[in-house]
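Please walk through this structure with me, beginning at the ligand and its surroundings and moving outward to the way the helices are arranged.

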Amino acid sequence: MGKLDFIYKRQSIRKYKNIRVPREDIMELIKAATYAPSPKHQQNWHFVVIENRDLINEMADIVSRSHDRLAEMAKNESDRELYLKLKKYYILFKDAPALIIVYGKPYDMIEYKILKEGGADEETLKDILAPQSDAQAIGAAVENFLLGAAAMGYGTCYMTGPTHAKREIEELVGFNKGGYSLMAMITLGIPDDKVPQQPARKPLEEVVTIIE
Ligand SMILES: Cc1cc2nc3c(=O)[nH]c(=O)nc-3n(C[C@H](O)[C@H](O)[C@H](O)COP(=O)(O)O)c2cc1C
């Protein structure tokens with residue numbers, strides 16, 4: 001077994017067996033998520049676990065309607081058709097035994113405060129925010145969760161597609177904690193017997209530059 005097999009084992013799983021995930025496994029995975037790095041250790045995340053089928057179905061209906069509305073706005077038919085074809089990837093959480101909604105809070109950034117109060121121009125302020133450190137921390141936490149889940153034999157899918165209905169989902173879930181908003185979703189369950197092949201990666205030469 002290779003040292004990094006725990007990484008290569010993960011792939012997005014979009015179909016699950018109809019088996020409940022034990023609560024202690026979910027909590028262990030959330031604990032693993034919280035061991036991710038975060039800027040200035042602000043741990044700007046909160047995880048809402050949803051197992052209630054009615055709530056998940058209602059959420060899928062909300063996302064589906066929002067998706068259709070967005071498709072209707074397309075200025076040309078090919079965009080509309082393409083977007084409608086993607087819908088199944090936005091509502092697949094409907095069939096997941098557990099759904100984890102990941103909320104995030106903006107990074108409290110001292111550099112931004114200093115620059116803003118010091119009268120920095122818009123471009124400088126935009127540049128300092130561009131790395132989106134708060135979103136990076138959420139991504140790190142989600143990845144910990146996904147890798148942990150794969151190591152425990154679970155399948156997951158990292159999802160942000162449904163966030164076009166972010167406000168409506170937030171209202172439905174009813175989770176309120178100052179400054180936190182919906183950043184991502186994670187589906188969790190035991191993978192279906194038929195697991196599709198993971199998409200190939202770009203060759204390393206295309207994504208690596210070494211400066212000696
Ligand atoms: C930020 C982010 C958002 C994603 N959102 C979705 C989504 O809404 N629906 C979906 O089916 N997959 C989603 N994915 C999964 C990607 O499609 C998937 O990671 C990619 O195709 C590579 O496949 P793999 O995860 O099996 O390696 C998302 C992945 C990331 C990192």
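In this predicted model, the ligand is surrounded by 15 residues, of which S12, R14, Y89, Q198 and R201 come nearest. When the residues of this shell are sorted by character, seven are nonpolar, five are polar and three are charged. Among the secondary-structure elements, strand 3, which spans residues 155–159, gives the most to the shell, contributing three residues.

Individual polar contacts add detail to this picture. R14, already named as one of the nearest residues, places an N or O atom of its side chain 2.7 Å from an oxygen atom of the ligand. Two further contacts come from the backbone rather than from a side chain: a backbone N or O atom of Y158 lies 3.0 Å from a nitrogen atom of the ligand, and a polar backbone atom of G161 is found 2.9 Å from a ligand oxygen atom. Taken on its own, the ligand has 620 Å² of accessible area, and the protein covers 68% of that area.

From the ligand we can step back to the fold as a whole. The protein contains 10 helices and four strands, and, read along the sequence, these elements follow the pattern α-α-β-α-α-α-β-α-α-α-β-α-β-α. Along the principal axes, the C-alpha atoms fill a box of roughly 55 × 50 × 40 Å.

How, then, are the helices placed against one another? Two packed helices are described by the angle between their axes together with the distance between those axes. For helix 3 (residues 53–72) and helix 4 (residues 77–85), the axes come within 9 Å and cross at roughly 165°. Angles over 145 degrees count as roughly antiparallel, and helix 3 and helix 4 are therefore roughly antiparallel to each other. The crossing in which helix 3 passes helix 4 is right-handed.

Helix 3 also takes part in a second pairing, this time with helix 9, which covers residues 166–173. Here the axes of helix 3 and helix 9 come within 10 Å and cross at roughly 160°, so that this pair, too, is roughly antiparallel. The handedness of the crossing between helix 3 and helix 9 is again right-handed. Helix 3 is thus described in two pairings, being roughly antiparallel to helix 4 and roughly antiparallel to helix 9.

How values were computed. Residues numbered from 1 in each chain as written. Predicted model: local features only at pLDDT ≥ 70, side-chain atom pairs only at ≥ 80, totals over all residues. Heavy atoms only, no water. Near = heavy atom within 4 Å. Polar contact = N/O pair within 3.5 Å; in protein donor to acceptor, adjacent residues only side chain to side chain. Areas by Shrake-Rupley, 256 points an atom, 1.4 Å probe, with all protein chains shown as cover. Nonpolar A, V, L, I, M, F, W, Y, C, P; charged D, E, K, R; others polar. Axes fitted to C-alpha atoms, helices over the stretch in contact; angles between N-to-C directions. Parallel < 35°, antiparallel > 145°, perpendicular 65-115°, else oblique. Left-handed = near helix turned anticlockwise from the far one by under 90°.
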